[in-house]
Amino acid sequence: MSYKLSVLIIEDEKNISSFICTTLTNQGYKVLKAATGKEGLSLLTSQCPDILLLDLGLPDMDGICLLKEVRTWSELPILVISARIQENEKVQALDMGADDYITKPFGTKELLARIRTAIRHSKRLNFDPKFVQKPYHALDLTIDFEKRRVLLKEKEIHLTAVEFKLVSLLAQQSGKVLTYDYIITQIWGPYADKNNRILRVNMANIRRKLEVNPAEPVYIFTEIGIGYRMIEDKLS
Ligand code: CA
C-alpha cells in the first residue's frame, strides 16, 4: 500500500499558504499548515511529514534558526520559501541544510517541480547509499523503499505511515541494534516523549502484521533495555 506523501507548510501569509495548500491537495498530497514556527515544530514532531516548506520570515522566530534546529535531528527534505531575494540568505539557508529555495511569487508548475525534486533527492530513507535502489529481503519479507511497499510471502502488508517509517529505519540498518532514543528521535524528533510507549505500541502493531507469532519474532527482535534489531538483509 502506498500512502499520501505529507507536506508541512510553515508560512504566516495566509494567501500564500492557501495557494500552496490548494495546489498540493489537488495533486494528492496530504497538507498540514502552520502559521508560526512554534506551531510548525509541534506539527513536525507529531505528524512526521515527508517534506517541509518553510517560510524564512515568521512572526515568532527566524526561519533560518528553525531550519538549523530541525537539521540537528532530521534529514527530511526542506524547501525554503521566501519573499526575500538576497543571495546571502539563499546560501545561508542551503548551508543550514535546506534542499532547495523558492522565491515568492512562484507558480504552480515551479512549486510542484521543486517538491518532486526535493523528494527524489531526499535522504530521509536512504541511511546507506547502497540501499537506495535495492529492496530489503529477508526470509519471506520484502520491503521496497522506493515503491513504499511491504510484502510478506508476496502478499502486501498494509502499514501506517509511521509503521512504514519504523520498519524502513530498522531494515535500512538491518543487523544493527538501534536504541530506543535513536529510533524515537529519527521518527518523532527530539521533542517526542522519551518514554517508549508510542514506540512500543507501533512495534506491537508491526509485529502483529509481520510475525506469525509476535511473541517469538523472526524479523524484529527486542534487545531488552536497549532497542530493536531487524534480521539482516540477506543481500547485505
Ligand atoms: Ca512571512
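This is a chat about the sheets, helix packing, calcium site and backbone details of a predicted model.

Q: Let's start with the five-stranded sheet. What is the strand order, and is the pairing parallel or antiparallel?
A: The order is 2-1-3-4-5 in an open sheet, and the pairing is parallel.

Q: Which strands sit at the edges?
A: Strand 2 (30-34) and strand 5 (100-103) are the edge strands, each pairing on one side only. On average, neighbouring strands in this sheet are turned by 20° against each other, direction ignored.

Q: How many bridges join strand 4 and strand 5?
A: Four bridges, with strand 4 (residues 78-82) and strand 5 pairing in the parallel sense. If you want a residue to click on, try Leu79, whose bridge partner in strand 5 is Asp100.

Q: And which strands does helix 1 lie across?
A: Helix 1 (residues 14-26) lies across strand 1 (6-10), strand 2, strand 3 (51-55) and strand 4. Relative to strand 2, helix 1 runs at about 165°. Helix 2 (residues 37-47) packs on the sheet too, touching strand 1, strand 2 and strand 3. The direction of helix 2 makes about 145° with that of strand 2.

Q: Switching to the metal. Which residues coordinate the calcium ion?
A: Asp12 (OD), Asp55 (OD) and Gly57 (O) coordinate the calcium ion, at 2.2 to 2.4 Å. Along the chain, the donors follow the spacing D-x42-D-x1-G.

Q: Where do Asp12 and Gly57 lie?
A: Asp12 is in the loop between strand 1 and helix 1, while Gly57 is in the loop between strand 3 and helix 3 (63-71), so the pair ties together parts that are 45 residues apart in sequence.

Q: Nice. Now the backbone: which residues does the cis peptide bond join?
A: The cis bond joins Lys104 and Pro105, with omega at about -5°. Pro105 lies in the loop between strand 5 and helix 5 (108-121).

Q: What about Arg148, is its phi positive or negative?
A: Positive, at about 55°, although Arg148 is not a glycine. You'll find Arg148 in the loop between strand 7 (141-144) and strand 8 (149-152).

Q: Why point those two out?
A: Because most residues other than glycine have a negative phi, and most peptide bonds are trans.

Q: Fair enough. What is the order of the three-stranded sheet?
A: That open sheet has the order 10-12-11, and the pairing is antiparallel. Its edge strands are strand 10 (177-179) and strand 11 (220-223), each pairing on one side only. Neighbouring strands here are turned by 30° against each other on average, direction ignored.

Q: How many bridges join strand 10 to strand 12?
A: Three, between antiparallel strands, with strand 12 covering residues 227-230. Leu178 has Tyr228 as its bridge partner in strand 12.

Q: Which strands does helix 7 touch when it packs on that sheet?
A: Helix 7 touches strand 10, strand 11 and strand 12, and its direction makes about 70° with that of strand 10. Helix 8 packs on the sheet as well, touching strand 11 and strand 12, at about 145° to the direction of strand 11.

Q: At what angle do helix 7 and helix 8 pack?
A: About 85°, with their axes 10 Å apart. Helix 7 and helix 8 are therefore roughly perpendicular to each other. Tyr180, Ile183, Ile184 and Trp188 in helix 7 meet Ile198, Leu199 and Asn202 in helix 8. Those contact residues divide into six nonpolar, one polar and no charged.

Q: And how do helix 6 and helix 7 cross?
A: The axes of helix 6 (residues 161-171) and helix 7 (residues 180-188) come within 10 Å and cross at roughly 130°. That makes helix 6 oblique to helix 7, and the crossing is right-handed. Among the residues that meet are Leu166 and Leu169 in helix 6 and Tyr182 and Ile187 in helix 7. The contact residues divide into eight nonpolar, one polar and one charged.

Q: Last one: at what angle do helix 6 and helix 8 cross?
A: At roughly 85°, with axes that come within 10 Å. Helix 6 and helix 8 are therefore roughly perpendicular to each other. The contact includes Val162 and Val167 of helix 6, and Met203 and Ile206 of helix 8. Here the residues divide into seven nonpolar, two polar and two charged.

Technical notes. Residues are numbered from 1 along each chain as its sequence is written. This is a predicted model: local features need pLDDT of at least 70, side-chain atom pairs count only at pLDDT 80 or more; totals for chains, interfaces and linings use all residues. Side-chain values use heavy atoms; hydrogens and water are left out. Two strands pair if DSSP finds at least two bridges between them. Helices (H or I, at least four residues) and strands (E, at least two) are DSSP runs, numbered from the N terminus. Axes are lines fitted to C-alpha atoms, for helices over the stretch in contact, and angles run from 0 to 180 degrees between N-to-C directions. Contact means heavy atoms within 4.5 Å. Angles under 35 degrees count as roughly parallel, over 145 as roughly antiparallel, 65 to 115 as roughly perpendicular and the rest as oblique. A crossing is left-handed if the near helix is turned anticlockwise from the far one by less than a right angle, and right-handed if clockwise. Ala, Val, Leu, Ile, Met, Phe, Trp, Tyr, Cys and Pro count as nonpolar, Asp, Glu, Lys and Arg as charged, and the others, Gly among them, as polar. Donors are N, O and S atoms within 2.8 Å of the metal (3.2 Å for Na, K and Ca); water is not among the atoms, so sites may look incomplete.
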